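Reader: I would like a close look at a single part of this protein. Please take one helix and work outward from there to whatever surrounds that part.

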Amino acid sequence: MRHLLVFAERDDAEEVAEALGERFPALGTPQVVRETLAGEDDAEDAQWLVVLEGLDEDGLPEVDALVEDHDGWREPG
């Protein structure tokens, strides 16, 4: 299953991606991408996403805690 971890700041997204790569090495380091909101004129409003694939449900509580610590949230992708 794919999950999108959403952050306002690039640094937070990159830190979380690195931490997840270390915690779940079988998944590799998740990809960090920038997503602009539909209709947004200001590029500063873009969100940063960490694309997490292949994680089983048992790891989600740990992911959620890490994401929350970095002022983000998780969405199913």
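Author: What follows describes the second helix, then the sheet, the core and the loop around that helix.

This is a predicted model, in which local features need pLDDT of at least 70 and side-chain atom pairs count only at pLDDT 80 or more, while totals for chains, interfaces and linings use all residues. Residues are numbered from 1 along each chain as its sequence is written, and side-chain values use heavy atoms, with hydrogens and water left out.

The protein has 2 helices and 4 strands. Helices (H or I, at least four residues) and strands (E, at least two) are DSSP runs, numbered from the N terminus. From the N terminus on, the order of elements is β-α-β-β-α-β. Of the 77 residues, 35% count as buried; buried means under 20% relative accessible area, exposed means over 50%, and partly exposed lies in between (1.4 Å probe, protein chains only).

Helix H2 covers residues 60-69, and its buried residues are Leu-60, Val-63 and Val-67. Seen down the axis of H2, these buried residues fall within an arc of 60°, so they line one face of the helix. That arc is taken from the directions that run from the helix axis to the C-beta atoms. On the other side of H2, the exposed residues are Pro-61, Glu-68 and Asp-69.

The cover over the buried residues of H2 includes strand S1 (2-7), helix H1 (10-23), strand S3 (47-53) and strand S4 (73-76). Contact here means heavy atoms within 4.5 Å.

The strands named there belong to an open sheet of 4 strands in the order S2-S3-S1-S4, with antiparallel pairing. Its edge strands are S2 (31-35) and S4, each of which pairs on one side only. Two strands pair if DSSP finds at least two bridges between them. Neighbouring strands of this sheet are turned by 30° against each other on average, direction ignored. H2 packs on the sheet, where it touches S1, S3 and S4, and its direction makes about 135° with that of S4. For these angles, axes are lines fitted to C-alpha atoms, for helices over the stretch in contact, and angles run from 0 to 180 degrees between N-to-C directions.

S3 has strand partners on both flanks in the order S2-S3-S1-S4. With S2, the antiparallel pairing runs over 5 bridges, and Glu-35 has Gln-47 of S3 as its bridge partner. S1 and S3 are joined by 6 bridges and run antiparallel; there, His-3 stands opposite Leu-52 of S3. Of the 7 residues of S3, 6 are buried, so this strand is largely enclosed by the rest of the structure.

The core comes next. A nonpolar core is a set of buried Ala, Val, Leu, Ile, Met, Phe, Trp, Tyr and Cys residues joined through side-chain atoms within 4.5 Å. The largest one has 14 residues, of which Leu-5, Phe-7, Leu-20 and Val-63 touch the most other members. The elements giving two or more residues to this core are S1, H1, S3 and H2, and the largest share, 4 residues, comes from H1.

Leu-5 shows how these parts meet. Leaving aside neighbours within four places in sequence, its contacts include Val-16, Leu-20, Leu-52, Trp-73 and two residues of interest in H2, Val-63 and Val-67.

From the side of the other helix, Val-16 lies in H1 and is buried, with a relative accessible area of 0%. Not counting residues up to four places away in sequence, Val-16 touches Leu-5, Phe-7, Leu-66, Val-67 and His-70. Val-16 and Val-67 are 51 residues apart in sequence, yet their C-alpha atoms are 7.0 Å apart in space. Across the protein, among contacts between residues at least 6 apart in sequence, 62% join residues at least 24 apart.

Last is the loop that leaves the helix. Asp-71 follows H2 and is found in the loop between H2 and S4. Its phi is near 60°, a positive value in a residue other than glycine. At 64% relative accessibility, Asp-71 counts as exposed.
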